[in-house]
Amino acid sequence: MDFTPATADQVLAIKVNAGIEELAAQPRFAAASADMVEAIVEGIGQFAAGEFAPLNRIGDSQGAALADGTVSLPGGFAEAYSAYVAQGWNAVAGDEAYGGQGLPFTLAANVLENLGAANMAFSLLPMLTVGAIEALAHHGSAAQQALYLPKLISGEWSGTMNLTEPQAGSDVGALRTTAVPTGDGRYAIKGTKIYITWGEHDLASNIVHLVLARTPGAPAGSRGISLFVVPKFHVGADGSPGPRNDLRCVGLEHKLGIHASPTCVMSFGDNDQCYGELVGHENEGLKAMFTMMNSARINVGSQGVQIAERALQAAKAYALGRVQGTRDRQPAAIVEHPDVRRMLLRMRALTEGARALLYYTAGMTDRGALGIEGAQERADCLVPLIKAWGTDIGCEVASLGIQIHGGMGFVEETGAAQHYRDARIAPIYEGTNGIQAADLVTRKLDYEQGGVLASLFADVAADCSDAPQLRALAEDCAEVAQWMAREASLDDKLAGSVPLCTMAATAVAGWQLLRQARDGGGGEAKIVVARYFAEHLAPEARGLKSAALAGAGLLYALDAAALAG
Ligand SMILES: Cc1cc2nc3c(=O)[nH]c(=O)nc-3n(C[C@H](O)[C@H](O)[C@H](O)COP(=O)(O)OP(=O)(O)OC[C@H]3O[C@@H](n4cnc5c(N)ncnc54)[C@H](O)[C@@H]3O)c2cc1C
């Protein structure tokens, strides 16, 4: 149950994979000096271990509760959130004009990695606020930014993203919530949203809901969606909270995991008195959402790393202490058995590989923000890889963690089971992993007619001459991508999308891990972990090539009724 922040590995990944020194050489990020990076990574690690981690178990066993429209958390959550805000952790990457520290996204991602490893359910509160900040920072009016950003950046107020409705999940364009102009610059919002993370709670003094809705006469589908800012408490021109808006939480979901994260059914405008303001232009809501989706998807990919780290730490400790069987006729801790070693090394290679991919993606996102040529396009291609593969490995590593605990993993006592339950949501929300893979083989493969992905795979192959299986995997990825770009039908591409996404993520993660090993900062252990990744995981991923190229034919060999029958 103990949690130790992975500070050294994070510093290494931020240095090697995000390339923080290069970022700090740019005037905008000059404050991100080596000392500053270490201070942040160490500081947030200690904070997370001291304040968030002790609440992980009680958050799971008691969870969030709804009574009389108010959502409350177990004792200790409010104090920990206040300390988080008071110490300025929420403001790391915020715009300096609104009280932020203006540091790279990479460092804000590190804050969330530490908070989430300590307590994933709790970390969703600041994570969703980041989404609201980004939506307003990129698309809000000057007045909206002045009103909302200072308090969202400090964390005094929290934010939510309201997309999903019962009939509109992956297909956001099917949403029905309405927004009718009232003639005074505002809109009356009416509708029901489901699954809204931290949609109601009492830890922040106001909640700023970002809501997708349709205006009268808007085109059907995703082209007719607009984005609105809808505060829980109306905000006076001087920023002071005013009367309560007509919106409320009408239910909390009972879930497999992340019990301390209230997943709310939100009702807007029951009394026709819910008012919000348009963010950006009418019918451009989805475009606005895409702006914040990149960072949100990276941060969800990070949740796979977070849970994997937690599960790995618990499994290592258990494997060292549990004596079972013998080796060389002596009683042996289970860590001495080859299969337990296999599981531990696999967990470690997946966790550290995913962390390397996470910070490579974060660093590329920062380069994109600096306007460095080609960086944004590459970052866009990396996002589905870290979101889908990062969250898949989170589940796999948590499952292996249970396996290493044997029966003790299946009972709740050790906490291994909580990691497994918590990890399972991440492949689903923020665009399911199937949707991520579809994004890779349609939108992202279209960038420069496949040229952006081709150059990524070429870079991996060129830099992996000392790791032949990784180089071969990168060449396989290039071959599949070329087939998809030139010959495959849309159905064929989609049928092979998940295998390609896994292959591509494995190739890039293995490459980035190799770069860490070459740096030397991770010592002998990193070299072994990188070799294991290249020699054991890359060949497995190569085995997906035939599925990636198989096309959709067999998937449709049975009609839907026969398939289900
Ligand atoms: C705990 C939790 C927290 C959440 N937080 C939020 C939040 O804060 N805000 C918010 O707006 N939403 C939130 N969501 C909603 C979440 O984003 C959706 O559940 C998710 O987008 C999937 O939508 P769905 O559940 O309707 O599944 P569906 O869209 O019905 O998907 C079911 C299955 O069909 C597949 N599928 C559907 N369409 C396609 C397609 N075109 N191509 C290939 N496969 C497809 C999916 O991959 C999936 O496997 C949350 C959900 C949960 C459970």
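**Exercise 1. Determine which elements the buried residues of α8 pack against, and describe the course of this helix.**

Solution. The buried residues of α8 pack against α7 (120-139), β3, β6, β7 (226-231), β8 (233-235) and β12 (275-279), where helices (H or I, at least four residues) and strands (E, at least two) are DSSP runs numbered from the N terminus, and two residues are in contact if their C-beta atoms, placed from the backbone, lie within 7 Å. The model is a predicted one, in which local features need pLDDT of at least 70 and side-chain atom pairs count only at pLDDT 80 or more, while totals for chains, interfaces and linings use all residues. Residues are numbered from 1 along each chain as its sequence is written.

Next, identify the buried residues themselves: in α8 they are Gln144, Leu147, Tyr148, Leu149, Lys151, Leu152 and Ile153. A residue is buried if 20 or more other C-beta atoms lie within 10 Å of its own, exposed if 12 or fewer, and partly exposed in between, with C-beta atoms placed from the backbone.

Then follow the axis: α8 bends by about 40° at Tyr148, with a proline, Pro150, following within four residues; the bend is the angle between axes fitted to the seven residues ending at a residue and the seven starting there. Finally, after the helix comes Gly155, whose phi is positive, near 95°.

**Exercise 2. Compare the span of helix α11 (residues 375-405) with its expected value, and establish how far α11 is enclosed.**

Solution. The expected span is 1.5 Å times one less than the number of residues. For the 31 residues of α11 this gives 45 Å, and the end C-alpha atoms are 42 Å apart, which agrees. The helix nevertheless bends by about 25° at Leu382, and Pro384 follows within four residues. Because 25 of its 31 residues are buried, α11 is largely enclosed by the rest of the structure.

**Exercise 3. Examine the backbone and burial of Tyr195 and Trp198.**

Solution. Begin with Tyr195, which lies in strand β5 and has a positive phi of about 60° although it is not a glycine. Since 20 C-beta neighbours lie inside 10 Å, Tyr195 counts as buried. Turn then to Trp198, found in the loop between β5 and β6 (207-213), where phi is near 50°, again a positive value in a residue other than glycine. With 28 C-beta neighbours inside 10 Å, Trp198 counts as buried.
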